[in-house]
Protein chains: 4
Amino acid sequence: MTRMRGRDFGLPFSGPTGPENAITDVPGVAVGHTTLIHGEGALRIGEGPVRTGVTAILPRQETGRPAPVWAGMHSFNGAGELTGSHFVAEYGWFLGPVCLTGTHNVGVVHKASLDWFLARHGAAMGPGFWHLPIVGETWDGFLNDSHGGHLKPEHVRDALDGARPGPVAEGAVGGGTGMSCYQFKAGIGTASRRVAAAGQWTVGALVQANFGRREEFRPFGRPWNAAGATAREEKPGEGSIIGILATDAPLLPHQLQRLARRAAVGMARTGTSGNNGSGDIFLAFSTANALPLDAERGVTPLDHLPNEQLNPVFTGAADAVEEAILNAIVAADTMIGRDGNRAEGIDHAALRAMFA
Amino acid sequence: MTRMRGRDFGLPFSGPTGPENAITDVPGVAVGHTTLIHGEGALRIGEGPVRTGVTAILPRQETGRPAPVWAGMHSFNGAGELTGSHFVAEYGWFLGPVCLTGTHNVGVVHKASLDWFLARHGAAMGPGFWHLPIVGETWDGFLNDSHGGHLKPEHVRDALDGARPGPVAEGAVGGGTGMSCYQFKAGIGTASRRVAAAGQWTVGALVQANFGRREEFRPFGRPWNAAGATAREEKPGEGSIIGILATDAPLLPHQLQRLARRAAVGMARTGTSGNNGSGDIFLAFSTANALPLDAERGVTPLDHLPNEQLNPVFTGAADAVEEAILNAIVAADTMIGRDGNRAEGIDHAALRAMFA
Amino acid sequence: MTRMRGRDFGLPFSGPTGPENAITDVPGVAVGHTTLIHGEGALRIGEGPVRTGVTAILPRQETGRPAPVWAGMHSFNGAGELTGSHFVAEYGWFLGPVCLTGTHNVGVVHKASLDWFLARHGAAMGPGFWHLPIVGETWDGFLNDSHGGHLKPEHVRDALDGARPGPVAEGAVGGGTGMSCYQFKAGIGTASRRVAAAGQWTVGALVQANFGRREEFRPFGRPWNAAGATAREEKPGEGSIIGILATDAPLLPHQLQRLARRAAVGMARTGTSGNNGSGDIFLAFSTANALPLDAERGVTPLDHLPNEQLNPVFTGAADAVEEAILNAIVAADTMIGRDGNRAEGIDHAALRAMFA
Amino acid sequence: MTRMRGRDFGLPFSGPTGPENAITDVPGVAVGHTTLIHGEGALRIGEGPVRTGVTAILPRQETGRPAPVWAGMHSFNGAGELTGSHFVAEYGWFLGPVCLTGTHNVGVVHKASLDWFLARHGAAMGPGFWHLPIVGETWDGFLNDSHGGHLKPEHVRDALDGARPGPVAEGAVGGGTGMSCYQFKAGIGTASRRVAAAGQWTVGALVQANFGRREEFRPFGRPWNAAGATAREEKPGEGSIIGILATDAPLLPHQLQRLARRAAVGMARTGTSGNNGSGDIFLAFSTANALPLDAERGVTPLDHLPNEQLNPVFTGAADAVEEAILNAIVAADTMIGRDGNRAEGIDHAALRAMFA
């Protein structure tokens, strides 16, 4: 928790944050990471080097019967994966954790997330209960032996079991371990905003940031001119960003789709136009209107915040995603991965000078 | 109201209907038609022959301040127009009437519907009030002088002012005047279902049916083999269907999108696979959760019927659309339009024999 | 290959089929199944009984460098999973096999399908190559120990390695092993159509059919009245259908979305209105315009069949899906699974009598 | 054509422009405006004051038989109207002009655009020919008597007949006459980029800019701190932006949807997060692959630029939209409209100082 964050460099963010400036400022949300870093040198598929991991977000730290969270989604550029998307679009809610990882870990994480959920709830729900996990990914193959299958079910369980409210580790941790953003070393970032919109609400964001070409990088509209090495990825820009937005504001599913679209604004503010090979997919959920699963429930009231009140919530979402991305960059140090591939951390002194 | 309906021929529809077996069985919904039929013989653009009109559906017979209805939409094959669609998708509701007409009348109806709404509500809402009318269309140019611009603003006002609850005229009336379906003369049809789903609800449908090739026609799965003339449209199948679903069940916008998708099931049951040039667009709205427009409203409870209860509502929607289409066909008599173009009414005796 | 098919019962299907009346009539398409059936009696999670499997569809039996197939998708009711959907929507194509399986096998199949693909192409493509497998699912937990994790990577490899052109096994095989449709035992079904549309083309369908309530079943519009036991699923209708459409017609991605929507017509013709908990998701691909992956390629011509020619292709798609569903039902015998749960095969004599 | 443009103030735009830095740099694209400004003082509905108009974009200055342009669309926030959207999504192309106007003029413009098209092509196409015009709108009711219906068919014809290639008037002209952006007087803006992407292409943008709250305005990431009056709109941010992207790059419909999504990036770069009541809708078209309408055409080759080449085109689209928005602002002078409502032009000296 002693890592630098964007605010330490004078980046002129707008709006008041929650206490941790993290997605966990939304009550009930918990985050856990498993980080795998070992090996050096030439790639030997199946042996390493390994630079990967998984991040788990529990939308409700559940205490009993599973309770859906209302949700909506936006795919700004869908060259990626977010499993469970059809279900979210149809039902307007999802159950259980959201996991973020490297592209080639999706299957393992999907299975392990399911097994973790069944271990907690399967007996109570019975053998007729089915579950569709939510797993998002970005590509860590520049640094990681991504054809080698190093992430195992126990790593996923550890992230899920280790999920906590409070401060969230950023940078080269969890699913973000092997990621780069604007060809700087990056990974996981988070932020939050307090918004006043016919009540006081929190909007939190967590991103796994792995997108952008260096020449696109324009934090707060300023082109990055600092000298220094660039991570020479094989296919710059062929990364992705998965962004998760959480709020306690009582939004309906179609309103959460609207919120998810604002994540693209936060991304755009950092400079990119969205690259062809980038899977820029955003999921927004609301913890309000908690109702345990109950197939027998009849007509039920739900609170909702009318459309006319949403502007501050929209701005908070864009602000939080923008800050989460920059946090993901500043928190990450230079990393050398497979075949000596090097992802340079951003030059902190240059960044500080830029915003002095 | 003495026209034949599908049930008069023994068509084996499922499920209990409302009292009028019409969209107006949903309390508050009113329907009005203006029908223009004059002239015969060779087409003289701007003079006729005229076979067109407009149908107006008021989702709430309003009594004061306008109140949105919650809504969702599905475009099965979007080769047509339903104005207001972006707004419905974004806001999850719409204000004011839905009008159905011929393709080339959309602009006139749009303007006249707006003016009618402003005449009722403009002064109270003030000059900063804006409104986006909902206008759907299908193509009546086989029978009508559709390049001639015969529908005028006063015709639209008449339909809107004449909207009533209770029985609804079907066949070659209103927006359906010049339409054909499966190359039979057709037009407007309506139907309703009573459904039990954690409460008693009504689902009503009204269609402007102008789609399908004769060889596709398979009511209740039975190929139409009766001898007899076929309306030889220039481009068979290049029609469309606009279908409106109304319900008093408290559905949220994403659930109304789901309902709208069931209209495609009702359409498919009549035989078509959906033709390339057909604009098969469906709009579903719920009159529940009535709230007058109020930009200052804060957190507000809405009733909703959980997803788990929706199956009977879905079936009712498909059933009502299927019946509305067949009603649109059986209610229409042979019509001769411009250039002697002839749309043959379905052979009632053959239909009765088929389902005897 | 001696199983009964729908045509053996006089079901009045329309249109000419390809030689095998199977998705493999589209040149280059191959199908393989792994079927797991063992154990009886009371459920012991992790031990059985086991009634599950996986079906693999290779869109191009590849002979060298991987070549995308152009694709589009439609989610009629998204209460299910089809991984890779964001990518297909964005890029308009996909690479590699499509696998169908039980809901809780998605993760294992995803990983195994990836590993199979990397084993074939990973070395040539290099460590920077990433791949997003396509995996669809329906729920087999009424018969199968679906919380027990019985499907293993080697089963997936076997299905992939065993994929062949030519006849395709139907019913309780592969991914369809534990499935029911309209509360009859069902599983995998396939069919094809030859269509003339400015050229001669084939449209093939393969479905994993696991949807519908008995009272909805209306093949060719005729209600099923036969006496006999009904599979008493815990949550009738909470199944799903994944449908895959293949064609050699040169369709562009937006046209393949249009084709995928016609699969919902084929489904609707069998009677269902689409149940709430059903994941009814359809993927259409075209094998035309084969181009190996090549990031350096510049402007390239693609053949396309103009929209105006698509009606026969649309009808062929609806017809093939309808027949594939009925084939999936008639090919499956009664199966008893976990806890003695029984899915009754359709009464062949009653079916034959109905269509005599 | 002597108006100021963004580049006159040192705004640090990226990338090379076409010769006019306008949408008309795409060969074949022509633009025309009709501007209505008359009356002052208190609003008298139907009399004025009038501050409205219409802008017409011809995608191909047609010389004979109409020829579609390939197209795609993105609704970032759909609280607005763009007629023809269902058709574009379904067919992947559209015919004829795109018109931009004030919200309450949509009906009149729709009809007049249709009549203009029929006057040119109706006789040749015959009475069975139908056409769905494309009309977009934003709200000019802060300055204009928007309930008064001042725009007439002849104004639309004038804009269409007056459409020309070459320089494009910006600011308070055409459809932009009564518009404000970030509570500055604004209106129409345009820009273009030359991009190298396996060939040389032009991407042009034209926007009708009427969105944003003053406190959101952050050109190139810099908050606007200049003193000075703010246009006190009744509902700040309840404007909209319609953005049209044109290119001669051979993009397929699904690729043009992708391009349209980049318009949201250009918008986001100017500061807004997208307000609730804003209709932010974008349409992209390609003039490549010109083929006259021909219902008999069979398999036809189309050029396409593979996805892998699209990054420069995406960046060009975002750049052009960003510049078009800022051009729409700097070109507009202070305007006083109905009831003395005042929309202040941006302070040119302050802007120049900010980017000195």
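## The rotation axis

Among the residues of chain C, C:Gly107 is the one that comes closest to the rotation axis, with its C-alpha at 2.0 Å. This value, like the others in this report, is computed from a predicted model.

The axis itself comes from comparing two chains: a turn of 180° with a shift of 0.0 Å along the axis lays chain C on chain A, and the RMSD is then 0.0 Å. The two copies are therefore related as by a two-fold rotation axis. The same surface serves both copies, since 100% of the contact residues of chain C recur in chain A.

## The extent of the contact

How many residues does the contact take from each chain? Chain C gives 46 residues to the contact, and chain A gives 46 residues as well. Between chain C and chain A an area of about 3700 Å² is buried, and carbon and sulfur atoms give 59% of that area.

## Polar contacts and salt bridges

Across the interface of chain C and chain A, the rule for salt bridges finds 0 of them, whereas 14 residue pairs are found in polar contact, with both residues at pLDDT 80 or more.

## The side of chain C that touches chain A

Three elements of chain C, namely β3 (69–78), α1 (85–91) and α2 (106–125), are those that give two or more residues to the side that touches chain A. Of these, α2(C) gives the most, with 8 residues. When the residues on this side of chain C are sorted by kind, they divide into 21 polar, 18 nonpolar and 7 charged.

Key
Residues numbered from 1 in each chain as written. Chains lettered and ligands numbered in written order. Predicted model: local features only at pLDDT ≥ 70, side-chain atom pairs only at ≥ 80, totals over all residues. Heavy atoms only, no water. Contact = heavy atoms within 4.5 Å. Buried area = accessible area lost by both parts, 1.4 Å probe. Salt bridge = Lys/Arg side-chain N within 4 Å of Asp/Glu carboxyl O. Polar contact = N/O pair within 3.5 Å; in protein donor to acceptor, adjacent residues only side chain to side chain. Helix = DSSP H or I, 4+ residues; strand = E, 2+ residues; numbered from the N terminus. Nonpolar A, V, L, I, M, F, W, Y, C, P; charged D, E, K, R; others polar. Least-squares fit on C-alpha atoms with pLDDT ≥ 70 in both.
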